[in-house]
Amino acid sequence: MQTTFTAEQLKDSATRESNTILRTCVHCGFCTATCPTFQLLGDELDSPRGRIYLIKDMLESGRPATEEVVRHVDRCLSCLSCMTTCPSGVNYMHLVDHAREYIEHTYQRPLPERLLRRTLAFVLPKPGRFRLALRGAALARPFVGLLPQGLFRTRVQAMLKLAPKRLPPPEPMQQPQVHKAQGEKRGRVALLTGCAQQVLDPGINAATIRLLTRMGIEVVIPPGQGCCGALTHHMGQTSKSMAAARANLRAWGKAIEKGGLDAVVINASGCGTTVKDYGFMFRDEKPKWKSRAEQVSALAMDITEVLAKFNYAPLRPTPNLTVAYHSACSLQHGQKITALPKQLLQKAGFTVKEPAEGHLCCGSAGTYNLMQPEIAGQLKARKLENLNRTGAQLIAAGNIGCLTQLGDGSLPTAHTVELLDWMAGGPVPPAVRGVLGARREPVV
Ligand code: SF4
Ligand code: SF4
């Protein structure tokens with residue numbers, strides 16, 4: 001694709017990067033075939049190719065973003081399915097991230113939307129605030145009908161629907177500390193305990209710590225780490241996402257200096273995609289930050305990669321359960337981890353089924369299900385139907401967003417690591433208890 005940026009515009013590093021990306025696109029349109037929003041809406045401007053054109057015009061013109069561009073970029077899930085399909089290697093992720101940042105700086109959204117986005121950016125990355133907000137959601141539920149009809153009400157309804165009716169108690173294992181390896185020490189890792197995940201389902205981090213320490217790996221929960229920055233990054237709020245990333249680099253830097261790390265382990269694949277991109281995010285920062293970010297990106301591993309590296313082995317007999325594996329977009333498209341989680345589940349003794357249209361997003365996509373509830377709802381229904389059709393007894397996935405999105409369907413959901421921990425000697429995951437109870441078999 002030809003571009004016409006001026007020499008002045010190309011002095012800006014983000015524009016230079018986008019220019020390179022745009023020039024890689026040959027506008028073949030292969031990507032449209034696997035784009036969820038194009039599949040649902042059938043509008044070229046809601047396809048990757050259409051968005052690439054819109055972003056190109058917006059950046060080249062140097063003018064503020066228009067309502068039209070914002071509408072179509074906002075509808076993008078950042079699922080990155082287009083990157084898997086693209087034969088030319090177009091880095092759509094970096095392009096759309098730049099577009100979102102540009103929109104944030106040049107476009108004024110309507111007041112209710114600004115308030116909503118600010119609230120989400122203030123609440124979600126901080127576990128204490130998020131926990132409080134979820135308690136508030138329980139109180140607010142009966143009053144939502146009093147809000148005037150419209151998108152704002154639909155969004156509030158979507159938020160309340162996603163908020164769990166009962167919150168699990170805080171998990172002390174997630175607090176900053178060092179979990180010693182059991183038996184002979186084989187490795188040392190830092191675990192990103194995340195933000196929303198540690199409130200919504202603390203059992204995921206607990207299962208990760210149990211499983212790794214049982215395998216002889218010391219797990220460090222460094223003080224000072226927090227949200228990976230993805231939530232604000234995808235809203236174009238770069239200064240906030242960089243501050244979050246910097247806090248993590250500081251925390252993990254100290255852990256590296258204290259005893260070295262074999263990996264920074266991430267068990268929410270949305271966060272993993274972002275941490276693996278820290279090297280790019282800090283490319284223009286001072287050498288100290290740039291090299292630390294590159295080091296951390298190189299160390300960042302999804303939990304399934306770590307388990308494979310340290311040769312995960314089950315200890316219990318085959319569970320005789322069929323699992324539908326839902327491949328989170330951030331894992332399959334963002335990190336290109338496709339076969340590994342299924343192989344580990346099979347090694348643990350599960351029968352693994354894959355749903356049709358496995359490449360399509362479930363509609364969760366960070367805060368997308370709150371900002372675009374209608375499209376997210378359609379994608380969720382389609383995903384649940386495909387998962388149900390597998391005939392499996394439960395759904396496994398490696399991302400808290402997907403687990404929350406799919407959690408109120410007819411099948412129970414579990415994080416992959418909870419199932420692997422169970423088969424390696426851990427407790428029965430809550431999702432499995434119901435299945436075992438239903439078939440009246442003894443809990444292993
Ligand atoms: S598949 Fe790749 S090269 Fe073709 S239009 Fe899409 S982004 Fe451009
Ligand atoms: S990231 Fe997903 S929704 Fe966005 S353009 Fe690519 S395929 Fe479509």
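The following exercises, each with a worked solution, concern a predicted model of one protein chain.

**Exercise 1. Overall form**

Determine how the radius of gyration of the protein chain stands against the globule rule for 444 residues.

*Solution.* Begin with the secondary structure: the protein chain holds 24 helices and nine strands. Its radius of gyration is 22 Å, close to the 22 Å that the globule rule gives for 444 residues, so the chain is as compact as a globular protein of that length. Next, consider the extent of the C-alpha trace, which spans about 65 × 50 × 45 Å along its principal axes. Burial comes next: 48% of the 444 residues count as buried. Finally, turn to the contacts between residues at least 6 apart in sequence; 73% of these join residues at least 24 apart.

**Exercise 2. The packing of α3 and α4**

Classify the orientation of α3 and α4 to each other, and identify which residues meet where they are in contact.

*Solution.* First, locate the elements: helix α3 covers residues 48-61 and helix α4 covers residues 67-74. Their axes come within 10 Å and cross at roughly 140 degrees. An angle over 145 degrees would count as roughly antiparallel, and 65 to 115 as roughly perpendicular. The two helices are therefore oblique to each other. As to handedness, α3 passes α4 in a left-handed crossing. In the last step, list the residues: α3 contributes Gly50, Arg51, Leu54 and Met58, which meet Val69, His72 and Val73 of α4. By class, this contact of α3 with α4 comprises four nonpolar, two polar and one charged residues.

**Exercise 3. Helix α23 and the glycine that follows**

Decide whether α23 is largely enclosed by the rest of the structure or not, and whether Gly425 counts as buried or exposed.

*Solution.* Take the helix first. Helix α23 spans residues 416-423, and eight of its eight residues are buried, so the helix is largely enclosed by the rest of the structure. These buried residues are Thr416, Val417, Glu418, Leu419, Leu420, Asp421, Trp422 and Met423.

Now proceed to Gly425, which lies in the loop between α23 and α24 (430-438). Just after α23, this glycine adopts a positive phi of about 115 degrees. A residue is exposed if 12 or fewer other C-beta atoms lie within 10 Å of its own. Gly425 has 12 C-beta neighbours inside 10 Å and therefore counts as exposed. Its contacts, leaving aside neighbours within four places in sequence, are with Arg214, Leu315 and Arg316. In addition, the C-alpha atoms of Gly425 and Arg210 are separated by 9.2 Å, although these residues are 215 apart along the chain.

Technical notes. Residues are numbered from 1 along each chain as its sequence is written. Chains are lettered from A and ligands numbered from 1 in the order in which they are written. This is a predicted model: local features need pLDDT of at least 70, side-chain atom pairs count only at pLDDT 80 or more; totals for chains, interfaces and linings use all residues. Axes are lines fitted to C-alpha atoms, for helices over the stretch in contact, and angles run from 0 to 180 degrees between N-to-C directions. Helices (H or I, at least four residues) and strands (E, at least two) are DSSP runs, numbered from the N terminus. Angles under 35 degrees count as roughly parallel, over 145 as roughly antiparallel, 65 to 115 as roughly perpendicular and the rest as oblique. A crossing is left-handed if the near helix is turned anticlockwise from the far one by less than a right angle, and right-handed if clockwise. Two residues are in contact if their C-beta atoms, placed from the backbone, lie within 7 Å. Ala, Val, Leu, Ile, Met, Phe, Trp, Tyr, Cys and Pro count as nonpolar, Asp, Glu, Lys and Arg as charged, and the others, Gly among them, as polar. The radius of gyration is taken over C-alpha atoms; the globule rule is 2.2 Å times the number of residues to the power 0.38. A residue is buried if 20 or more other C-beta atoms lie within 10 Å of its own, exposed if 12 or fewer, and partly exposed in between; C-beta atoms are placed from the backbone.
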